[in-house]
Amino acid sequence: MPLLIQNRELGCIHSTAVLFEKYPHLQESAKSFRSRPLVDVDPKCLLYVHQREFAATTPADKFVSVIGSDDATTCHLVVLQHTGSGAACLAHCDGSSTWSEVPLFVKAVASLSTFCKEGRFELHIVGGFNDDSRRSHELSLDILAAFQKQKEEIHLETCCITEVNDVVCDRIHRPAVYGIGVNVKTGEVFPASFTDKGPAEELRSARTFMGGQMADIYDCSRGLVKVGPCKWSPNLDIAFWLSQDDDTILKYLSTSPKAEPPHFVRHIKSTIQFVLEHPDPDDLFPSAEPHLFHRTQGGDWERLLHP
């Protein structure tokens, strides 16, 4: 079935400019979305999603109230919800394999909504900006096209992407919204920032940095975050980057050097250091089983050593 906007088939779209010209209400709703105040999400109710990860849950979840992600420049943040079950999925997409990733998101929400006879799928996409390489524009179109190929009817509700998520500061283009959250109890999607990006932030970042594919990181039936097992090849050459200055790292390791958040270089270096300290990830997963984390009564994520 096609992707629907106001119950009408989207049709073939070759540019985001045409999309917003054809559906001006999407541009207005995007402007309204990006003008909303940034919510600093309490880590004790948060499930944080890193780049090339996704997570899904329902309002019945006792451990997670908000799924969120940020640091998206050319990346796009995708939220898919089912209005009947209240199930929600959030994904951080970087364009690595969009066509194979989107079906995973649909399947995740559909599997949590099988008991519902009423309700519909609703889609929210936020991210990208007017970057010089047009990576944002290409990813916007790929995500829309991939959702159009799904058999389910999916209604596009929020589309704050590329040019309508663009702001110019000191003559430099950057995203107006870098991060979002979805309240899984109410269904609200909102601009957000996050002080805590755990559990296992360095391990998860290393997995993505070393080429890991899109991963489902949450088992909502048990309230467990699952990480790995991860695979990467030893590569001592990456130590080269630890001695490089910020501008060099931004130039070669970022898709949008002028728009990255202030902590980007520090994050890249800590990720590289982690990989160098663990050249063989099999040592981190001696039983070839994922690391599992549960939420403590205090609200922190704690690893289960004997699941």
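**Rings, turns and a helix: four exercises**

Both Tyr 48 and Phe 194 are buried (under 20% relative accessible area; exposed is over 50%, partly exposed in between, with a 1.4 Å probe and protein chains only). One thing before you start: this is a predicted model, where local features need pLDDT of at least 70, side-chain atom pairs count only at pLDDT 80 or more, and totals for chains, interfaces and linings use all residues. Residues are numbered from 1 along each chain as its sequence is written, and side-chain values use heavy atoms, with hydrogens and water left out.

**Exercise 1. Describe the aromatic pair of Tyr 48 and Phe 194, and say which parts of the chain it ties together.**

Step 1: Start with the search. Over the whole structure, 4 aromatic pairs turn up (Phe, Tyr and Trp rings, the six-membered one for Trp, with centres within 6.5 Å; planes under 30 degrees apart are stacked, over 60 edge-to-face, the rest tilted).

Step 2: Check the geometry. The ring centres of Tyr 48 and Phe 194 are 5.4 Å apart and the planes meet at 75 degrees, so this pair is edge-to-face.

Step 3: Place the two residues. Tyr 48 sits in strand E4, while Phe 194 is in the loop between strand E14 (189-193) and H5, so the pair ties together parts 146 residues apart in sequence (helices, H or I with at least four residues, and strands, E with at least two, are DSSP runs numbered from the N terminus).

Step 4: Now try Phe 240 and Trp 241. They make an edge-to-face pair too, with 5.0 Å from centre to centre and 75 degrees between the planes. Phe 240 is partly exposed at 44% relative accessible area, whereas Trp 241 is buried at 17%. Ring pairs join these two and Tyr 252 into a cluster.

**Exercise 2. Find the buried residues of helix H5 (residues 201-209) and what they pack against.**

Step 1: List them. They are Leu 203, Arg 204, Ser 205, Ala 206, Arg 207 and Thr 208.

Step 2: Look at the neighbours (contact is heavy atoms within 4.5 Å). The buried residues of H5 pack against strands E4 (46-48), E5 (53-57), E15 (215-216), E17 (224-227) and E18 (291-295), plus helix H7 (264-277).

Step 3: See what comes next. After H5 you meet Gly 211, with a positive phi near 100 degrees.

**Exercise 3. Where is Asp 245 found, and which side chain does its own side chain touch?**

Step 1: Asp 245 belongs to the loop between E17 and helix H6 (246-253). With 46% relative accessibility, Asp 245 is partly exposed.

Step 2: Its side chain has a polar contact of 2.7 Å with the side chain of Thr 248 (N or O atoms within 3.5 Å; within protein one must be able to donate a hydrogen and the other to accept it, and residues adjacent in sequence count only if both atoms are side-chain atoms).

**Exercise 4. Where do Pro 199, Pro 229, Asp 170 and Ala 288 lie, and what is notable about the backbone there?**

Step 1: The Gly 198 to Pro 199 peptide bond is cis, omega near 5 degrees, and Pro 199 is in the loop between E14 and H5.

Step 2: Gly 228 and Pro 229 are also joined by a cis peptide bond, omega about 0 degrees; Pro 229 is in the loop between E17 and H6.

Step 3: Asp 170 isn't a glycine, yet its phi is positive, about 55 degrees. You'll find Asp 170 between strand E11 (166-169) and strand E12 (172-175), in the loop, exposed at 73%.

Step 4: Ala 288, another non-glycine residue, has a positive phi near 55 degrees. Ala 288 lies in the loop between H7 and E18 and counts as exposed at 51%.
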